[in-house]
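Student: Could you take me through one part of this model up close, residue by residue? I'd like a connected account of what sits against what.

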Amino acid sequence: MACPLDLFTAQGFDMQIGTNVIGHFFLTQCLLPALSAVKAQTGSKARVVTTSSSSQYMVNRFHYEHARDGPARSKSSSLDIYNDSKFVCHWHTCDQHCY
């Protein structure tokens, strides 16, 4: 939780965003064909269960400027970025609920 601000993914994203947002999104996208196959074979819906934290309620929008290094990011804290990551993780879960 709340990685140091100087940690980035190989693609240049904040490590917290990479772990909590991009990683979850990519894993879910990779699982969609298998989940769709289960539904086609059994008629039952398959699901992905995600967890988050109450930190998602600390923000009301995703601050894109926190995802990569820059002047706005330097004014934020690692907890700000953690809260952003949990907010987007929750948003992604709600978005996937439509499928």
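Tutor: Let's start with V21, which touches Q16, S85 and V88, not counting residues up to four places away in sequence; contact here means heavy atoms within 4.5 Å. V21 lies in helix 1, helices (H or I, at least four residues) and strands (E, at least two) being DSSP runs numbered from the N terminus. With a relative accessible area of 16%, V21 is buried. The cut-offs go like this: buried means under 20% relative accessible area, exposed over 50%, and partly exposed in between, with a 1.4 Å probe and protein chains only.

Before going on, a word on what we're looking at. This is a predicted model, where local features need pLDDT of at least 70 and side-chain atom pairs count only at pLDDT 80 or more, while totals for chains, interfaces and linings use all residues. Residues are numbered from 1 along each chain as its sequence is written, and side-chain values use heavy atoms, with hydrogens and water left out. As for pLDDT itself, that's the predictor's confidence in each residue, from 0 to 100. The chain averages 81, and 90% of the residues score at least 70. Confidence is highest in helix 1, at a mean of 89, and lowest in helix 3, at 77.

Now to the partners of V21. V88 is in helix 3 and is buried too, at a relative accessible area of 12%. Along the chain V88 and V21 are 67 residues apart, yet their C-alpha atoms are separated by 6.5 Å. Leaving out residues up to four places away in sequence, V88 touches F62 as well as V21. For another distance from V21, take H90: 69 residues away in sequence, and 9.4 Å away in space, C-alpha to C-alpha.

S85 also lies in helix 3, and its relative accessibility is 0%, so S85 counts as buried. Setting aside neighbours within four places in sequence, S85 is in contact with Q16, I17, N20 and V21.

These valines belong to something bigger. The largest nonpolar core has six residues, namely I17, V21, F62, A67, I81 and V88; such a core is a set of buried Ala, Val, Leu, Ile, Met, Phe, Trp, Tyr and Cys residues joined through side-chain atoms within 4.5 Å. Helix 1 (15-42) and helix 3 (78-96) each supply at least two residues of this core.

D14 brings us back to some of those core residues. Its place is in the segment before helix 1, and D14 is buried, with a relative accessible area of 1%. Beyond its neighbours within four places in sequence, D14 is in contact with L7, F8, T9, H66, A67, R73 and I81. The D14 side chain also reaches the backbone nitrogen of I17 at 3.1 Å.

One residue before D14 in your numbering there's a ring worth a glance: R68 lies over the face of F13, at 3.9 Å from the ring centre. A charge sits over a ring if NZ of Lys or CZ of Arg is within 6 Å of the ring centre and within 35 degrees of the ring normal.

Stepping back, the chain comes to three helices and zero strands. Of its 99 residues, 28% count as buried. Among contacts between residues at least 6 apart in sequence, 67% join residues at least 24 apart.

Definitions and conventions. Polar contact = N/O pair within 3.5 Å; in protein donor to acceptor, adjacent residues only side chain to side chain.
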